[in-house]
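Q: I would like to learn how to read a structure such as the one shown here. Could you take me through its features one at a time?

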Amino acid sequence: QYTCGEVQATMSSADPPVRRVQSTPSFKYFQRTDSGQKPSGACSRSSSSPRDRSPSREAKLIDKINWNIAHNETWFSLEFFPPRTEAGAINLLSRFERMAQGGPMFVDITWHPAGNPSGDGETSSMAIANCALNYCGLDCMLHFTCANQTKEQVTKNLQKAKELGIKNILALRGDPLHGDTWEFVEDGFNYATDLVKHIREVFGNYFCICVAGYPHGHPECGTYKEDLVHLKEKVDAGADFIITQLFFDAKKYLQFYEDCRSIGIQCPIIPGILPIQGYSSLRQLTKLSKLSPPKQIMDEIQPIKDDDEAILKFGIKYATEMCRELLDSGVVHGLHFYTLNREVATGEIAKGVGLWCENIQKPLPWKLSANHKRSAEEVRPIFWSSRPKSYIHRTKTWDEFPNGRWGISSSPAFGELSDYYLFYLKSKLKPEVRRKMWGEELTCERDVFEVFKLYITGESNKHGVKVKALPWNEEELALETGPLLENLAKLNERGILTINSQPNVNSAPSDHSVYGWGPKGGYVYQKAYLEFFASPQFVQGLLHILPKYPQVNYHIINKNGSHDVTNCLQRAIAVTWGVFPGKEIVQPTVVDPVSYLVWKDEAFDLWYQHWGSLYPKDSHSREIIEVFEKTYFLINLVDNDFVKGNCLWELLEEVFKKIEDPTFENMHLLLEEESDEQFEDALSQPEEQTTQQIGILETLKDVCTGDMPIAV
């Protein structure tokens, strides 16, 4: 039994190049932009919709579908198939994130027996579904076939899916591997109905189950009416909703819908849409699905069959008109697109009928996982804001996730990050692309300063190549970075290598186009935050200046942790929070000193993993990267006075003046002579201030006595 996606195992599809875009979290809060007349069939969501009463993040997929139908809301979903190579898998995850910007309700991943679908390899169906759900924040449905499999095998695979957090299954009989023949199995799985029954018997209502419907009738079934009877058997066995096989005429679907309702099938029936994207792929798909396109379509395609661009335009136009007719029928609220792992046609069609969400209100300021186990998660350390996949990977074994408050840190059980080889943690950019951006050869440390500055400014390097990523930031700069760009560029040019920042925000509306997140009607706040690498010389000056800024929290640490100075011990600091009607204050982003010790290992390691490893061992270029990895410090600063503004630029400018002062080194020597007296004075201060002063004095004493290098 084929759905469209299962035909694709025999197809080849070139992966389009990766484009760098800002990813967007899940679909819960929608805010559409209306410019005049909506397209026919456009979604009826509006600012007055009761979004707070919409299904929660952990709601079952069928509940979300039913809620949207009941409230006359429209949606779309997407089907993808596992790629054949690791590079294809990396590209597919990037495609997930681009398509997520349009707000699909869910994606589904096809199941291919020939490709070890239940394995852990990067091209397995299970691995791709896991990544879509957990790392890309997309509610995911996994195809499951049962042809020529034992109950033990099927149960084992379903159990693995459950452990990964997958809750949605498209139950299919499937077909044997090439060369095999399908045989009736006594007490086994002979039809999709058997699989549906087995899932319900073993797993109860844990899984939401979808089944396939065939508007033209299943090609192996005797008659159309007989196939409808079998479809009802699948629904009666426990299926929650239906997705149809492809069709080319809206009237064919509408007749199928009425026929289903007439025999008592009352569950949602979602039409499956296959945009025509190429002549050869159309012929192959229709051959495998045993479905012939209407003569009208073939007559229009025949003259342009060798013009891919013309066929694509025709396919988009034809599918858009058909989708509009379906949405105008009054019985269709959602469309399921068979993407063939491409995005242009589907995106254009979804936009053309008003399903694509131009602006999605973020539930939280960071990217969500769609795993129901993390549905209550509301707090994360800010350090991983540009590396959410890494954070999710390192916390995937947690039984509970912070909700409301981060709490008191003792020893968060972060997993070790030694899995850079995993395709979803690898750089999306090929080594040759990174070398062109960051330098085929490095001659001095200023070459590295220049790379950081060009990433901030968006300018091209001396070879005409734009620096679109850094090891710590592979996405576009967030919009909220805009007000900081000028100062960030100046800092990086002077050797303050920034990897994370946010401006102060005082009471911005929660639907603000740049800073907004959470339910509408609230207000959001931020403290100014800056995280960067700096040289030991700069750290010396910084430690002198920090006592003048008591409103600033800081954490300064080197790679091996031998020098670790902070004025917030064992206590998390909220740097982002929101106030919303009918809710407690939400604090989704914190600076936590214990988590920082975990993050610093990853941050320093990325110097080599993503940059230094591009150059031959013992090369001068690699040695330069090792200077930053092994001798620089990682520093974060928080300006707690979010009302007055951002004092961090002023603070850092004072540090530059300090280290440029020719008398600065003499001040070090004076400090060494008076250190014992100052330690005694510090001990008489309040505990928090004592800890701060002793930490600074110990570090400065190490500098003075030669235990810490004065300069690189």
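A: Let us start with surface area, where the general idea is that accessible areas come from the Shrake-Rupley method with a 1.4 Å probe. Keep in mind that this is a predicted model. The protein exposes about 29,700 Å², and carbon and sulfur atoms supply 49% of that area.

Q: What share of the residues of the protein count as buried?

A: A residue is called buried when its relative accessible area is under 20%, and exposed when it is over 50%. Of the 712 residues of the protein, 57% count as buried. Phe314, which lies in helix 10 (residues 308–328), is one case to look at, because its relative accessibility of 12% makes it count as buried. Leaving aside residues up to four places away in sequence, Phe314 touches Ile276, Ile297, Glu300, Ile301 and Ile304.

Q: How many helices and strands are there, and which helix residues are buried?

A: The protein has 21 helices and 21 strands. In helix 3 (residues 125–134), ten of the ten residues are buried, so this helix is largely enclosed by the rest of the structure. Among the elements that cover the buried residues of helix 3 are helix 2 (86–100), strand 4 (140–145) and helix 12 (388–394). Helix 16 (residues 536–545) is also largely enclosed by the rest of the structure, because eight of its ten residues are buried; these include Phe538, Val539, Leu542 and Leu543.

Q: How should I read a strand, and which way do the residues of strand 21 point?

A: Look at the two directions in turn: Phe633, Ile635, Leu637 and Asp639 point one way from strand 21, whereas Leu634, Asn636 and Val638 point the other way, and all are buried. With seven of its seven residues buried, strand 21 (residues 633–639) is therefore largely enclosed by the rest of the structure. Next, look for its partners: strand 16 (residues 528–534) runs antiparallel to strand 21 and is joined to it by seven bridges, with Glu531 standing opposite Asn636. Strand 17 (residues 552–558) likewise runs antiparallel to strand 21, with seven bridges between them, and here Tyr554 stands opposite Leu637.

Q: In what order do the strands of the open sheet lie?

A: The open sheet is formed by five strands in the order 12-20-19-15-14, with mixed pairing. Strand 12 (380–381) and strand 14 (505–509) are at the edges and each has a single partner strand, so one side of each is left without a neighbour in the sheet. Within this sheet, strand 19 (residues 573–579) and strand 20 (residues 586–591) pair in the antiparallel sense over four bridges, and the bridge partner of Ile573 is Val591 in strand 20.

Q: How many salt bridges does the structure hold, and where does the one between Asp240 and Arg200 lie?

A: Side chains of opposite charge can pair when their charged atoms come close. The structure holds 29 salt bridges. In one of them the side chains of Asp240 and Arg200 meet, at 2.8 Å from N to O. Asp240 lies in the loop between helix 6 (224–236) and strand 7 (241–244) while Arg200 lies in helix 5 (residues 192–203), so the pair ties together parts that are 40 residues apart in sequence. Both Asp240 and Arg200 are buried.

Q: Are Glu309 and Lys313 buried or exposed?

A: Glu309 and Lys313 are both exposed. They form a salt bridge whose closest N and O atoms are 3.7 Å apart, and both lie in helix 10, four residues apart, about one turn of the helix.

Methods:
Residues numbered from 1 in each chain as written. Predicted model: local features only at pLDDT ≥ 70, side-chain atom pairs only at ≥ 80, totals over all residues. Heavy atoms only, no water. Pairing = 2+ DSSP bridges. Buried < 20%, exposed > 50% of the residue type's maximum accessible area, 1.4 Å probe, protein only. Contact = heavy atoms within 4.5 Å. Salt bridge = Lys/Arg side-chain N within 4 Å of Asp/Glu carboxyl O.
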